[in-house]
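Me: I should like to understand the terms used for this structure. Please explain each one and show how it applies.

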Amino acid sequence: MKAYKYFDNVDTDVIIPARYLNHSEPMYLASHCMEDIDETFAETVGSGDFIVAGENFGCGSSREHAPIAIKAAGVEAVIAKSFARIFFRNAINIGLPIIEQADCAEECQTGHELSIDLKAGIIENKTLQKTYRFEPFPDFLLEIVNHNGLIEKLKEKGV
Amino acid sequence: MGMTMTQKILAAHCGAAELKVGNFIEADLDLVLGNDITAPVAIKSYEALKAQKVFDKDKIALVPDHFAPNKDIEAAQQCKTMRLFARENEITNYFEIGEMGIEHALLPEKGLVVAGDVVIGADSHTCTYGALGAFSTGIGSTDMGVGMATGKCWFRVPSAIKINMKGQLNKWVSGKDVILHLIGKIGVDGARYKSLEFTGEGLESLTMDDRFTMANMAIEAGAKNGIFEVDAKTIAYIAQHSKRAPKVYTADADAIYDEEITIDLSALKPTVAFPHLPENTKTFEEFGEIKVDQVVVGSCTNGRFDDLKMTAEILKGHKVHPDIRMIIIPATQKIYMDAMKAGFIETFIEAGAVVSTPTCGPCLGGYMGILAEGERAVATTNRNFVGRMGHKTSEVYLASPAVAAMTAIKGYIASPEAE
Ligand code: SF4
């Protein structure tokens with residue numbers, strides 16, 4: 001599905017502005033996702049689309065509302081050159097796949113067709129007819145992602 | 001192999017003799033923090049876990065500060081969710097309006113964090129308590145929910161950057177200028193996934209309030225945590241505020257750092273971070289006259305007593321420029337009261353500033369000073385991202401209380417050194 005490309009240091013204030021944080025419903029948050037830098041995103045994003053960005057994606061506040069909004073918008077995965085650490089752990093904890101792949105992030109543009117194989121660690125850019133490999137997650141993180149988040153993992157193990 | 005301060009604290013909290021960078025661990029928590037925005041989401045996670053009860057009702061802190069006193073009906077609902085959870089679970093450290101302050105100023109003041117602790121908070125500026133020699137870091141709501149149920153949190157052991165400070169700050173230069181200088185130097189992701197460890201002979205001259213300001217903004221360099229070496233000032237602060245005994249961890253002599261940076265405090269000047277990133281720092285000889293519409297002194301970065309003192313010293317006997325709206329927000333009730341006793345509040349009102357009850361308010365564009373289209377603010381807060389304080393075309397310039405106060409008088413961004 002198609003990619004939405006952004007720049008470096010996309011912060012959580014633009015992913016979901018604080019003026020909407022008096023709500024926590026995922027679909028409500030999704031309807032305002034990215035609006036301060038991209039007014040069309042929330043309207044046009046479809047299930048299975050991707051966000052692609054530069055360095056330090058998700059910097060700023062710890063609001064889990066940010067990955068929640070992205071996931072609820074239907075985004076299959078975020079691909080970036082690098083991620084800010086709190087966003088990284090929040091995304092893992094709610095089961096939103098995030099992938100560090102600098103070449104793919106550099107070369108991909110808005111509208112490119114992408115597909116991804118998380119298990120094999122491969123991204124395909126169909127528009128550019130190119131594939132990229134990425135490091136699969138370490139076992140500790142993979143277990144959380146495979147359970148679709150930390151809560152489900154702990155429920156299975158028992159608290 | 002030697003360990004850093006952070007690695008030692010983490011090792012002690014997961015029962016390991018030694019930790020290596022990149023190890024995944026599960027650490028025992030001394031405190032779990034949440035606020036009116038993040039806690040309601042965390043409570044959902046907590047409830048999904050179906051835990052019998054919270055891991056320790058004395059080790060959870062809940063602070064309604066972001067949109068409180070309630071800014072609208074939705075905010076009121078969120079505060080209510082947190083309040084009911086606190087009552088139901090008999091949370092000792094729930095702070096109701098009247099007692100609450102901005103969380104990161106409040107917790108140290110209430111003695112809830114001491115050196116050697118491991119603290120997580122569903123708020124990115126939880127790194128503030130590194131000023132006390134604790135390992136303290138921001139996490140999200142899921143981690144908070146799990147932390148409340150289990151008393152544990154997963155971490156990847158970080159590497160570190162050592163910040164060696166020497167010399168002494170000049171008058172009108174403070175902790176805010178030091179941390180802005182550092183972020184300007186290494187960038188907003190310069191310490192990503194890493195600890196910033198502050199040490200060196202320059203430490204001695206920094207007040208605790210300077211250190212809180214600096215540790216607070218470690219996250220603005222992307223750091224996992226910022227931590228200060230514990231000295232006599234730290235110990236005295238903890239003894240004055242907490243009943244708990246601190247545990248002091250020092251870095252091993254052979255600890256390995258990714259990088260060492262030396263900062264000569266005496267060479268630093270008042271520094272301003274331009275929109276829209278905290279790394280866009282400039283000193284006054286690098287820019288001309290920039291007119292502003294609003295000045296905010298407050299937040300978890302610079303809403304403490306020393307900050308209000310510096311603001312009052314500059315404002316005393318002056319008037320706020322007629323084109324400026326000046327908003328001053330003491331970070332806690334105690335700071336408010338102390339500022340009142342010291343006569344600062346009178347100085348502020350006489351100068352034509354408004355003084356608000358403690359709240360995050362405008363810092364995150366919540367309420368109590370939102371910017372209109374194209375407006376500009378100088379703020380002592382910590383973030384100047386697009387839309388942070390209001391309209392997406394508005395601008396925030398980050399600076400110290402001294403620069404903020406001088407700006408309020410002049411109407412344009414002004415250096416306190418100009419007088
Ligand atoms: S004052 Fe600002 S940065 Fe600090 S906790 Fe409140 S919203 Fe966050």
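Reply: A cavity is a set of grid points where a 1.4 Å probe fits but cannot get out. Its volume is the space filled by probe spheres set on the points. The second largest cavity of this predicted model has a volume of about 110 Å³.

Me: How many cavities of 30 Å³ or more are there?

Reply: The count comes to 2 cavities of 30 Å³ or more. The largest cavity holds about 220 Å³ of space.

Me: What makes up the lining of the second largest cavity?

Reply: A lining residue has an atom within 4 Å of a point. Among those that line the second largest cavity are Asn56(A), Cys59(A), Arg85(A) and Phe87(A), together with Val188(B), Ile219(B), Glu220(B) and Phe385(B). By class, this lining has 7 nonpolar, 3 polar and 2 charged residues.

Me: What occupies the largest cavity?

Reply: A molecule sits in a cavity if more than half of its atoms lie within 2 Å of its grid points. The space taken by the ligand is the largest cavity. This cavity is lined by 23 residues, and His66(B), Asp123(B), His125(B), Leu364(B) and Arg388(B) lie nearest its centre. Both α4 (103-109) and α9 (299-302) of chain B supply at least two residues of that lining. The lining of the largest cavity has 8 nonpolar, 10 polar and 5 charged residues.

Me: Which residues are around the ligand?

Reply: The residues around the ligand include His66(B), His104(B), His125(B), Cys300(B), Cys360(B) and Cys363(B). By class, the shell has 5 nonpolar, 5 polar and 2 charged residues.

Me: What makes a space a pocket, and what is the volume of the largest pocket?

Reply: A pocket is an open set of points, whereas the probe cannot get out of a cavity. The largest pocket has a volume of about 620 Å³. Of its 23 lining residues, Phe88(A), Ile98(A), Phe137(A), Pro138(A) and Leu141(A) are the closest to its centre. Two or more residues come from each of α5 (85-94), β4 and α7 (139-146) of chain A, and from β7 (152-156) of chain B. The largest share, 4 residues, comes from α7(A). By class, the lining of the largest pocket has 15 nonpolar, 1 polar and 7 charged residues.

Me: Why do β1 (3-5) and β4 (98-100) of chain A stand at the edges?

Reply: The open sheet of 4 strands has the order β1-β2-β3-β4 in chain A, with parallel pairing. Each of β1(A) and β4(A) has a single partner strand, so one side of each is left without a neighbour in the sheet. The twist averages 20° from one strand to the next.

Me: How do you know that β3 (residues 77-80) of chain A and β4(A) pair?

Reply: Two strands pair if there are at least two bridges between them. Strand β3(A) and β4(A) have 3 bridges in the parallel sense, so the condition is met. Ile79(A) stands opposite Ile99(A) in β4(A).

Me: What is notable about the backbone of Asn56(A), and which peptide bonds are cis?

Reply: Most residues other than glycine have a negative phi, and most peptide bonds are trans. Phi of Asn56(A) is near 60°, a positive value, and Asn56(A) lies in the loop between β2 (50-53) and α4 (65-72) of chain A. The peptide bond from Ala68(B) to Pro69(B) is cis, with omega near -5°. The peptide bond from Pro275(B) to His276(B) is also cis, with omega near -5°.

Notes: Residues numbered from 1 in each chain as written. Chains lettered and ligands numbered in written order. Predicted model: local features only at pLDDT ≥ 70, side-chain atom pairs only at ≥ 80, totals over all residues. Heavy atoms only, no water. Axes fitted to C-alpha atoms, helices over the stretch in contact; angles between N-to-C directions. Near = heavy atom within 4 Å. 1 Å grid on protein atoms, 1.4 Å probe; cavity = no way out; pocket = protein on both sides within 12 Å on 5 of 7 lines; lining within 4 Å. Nonpolar A, V, L, I, M, F, W, Y, C, P; charged D, E, K, R; others polar.
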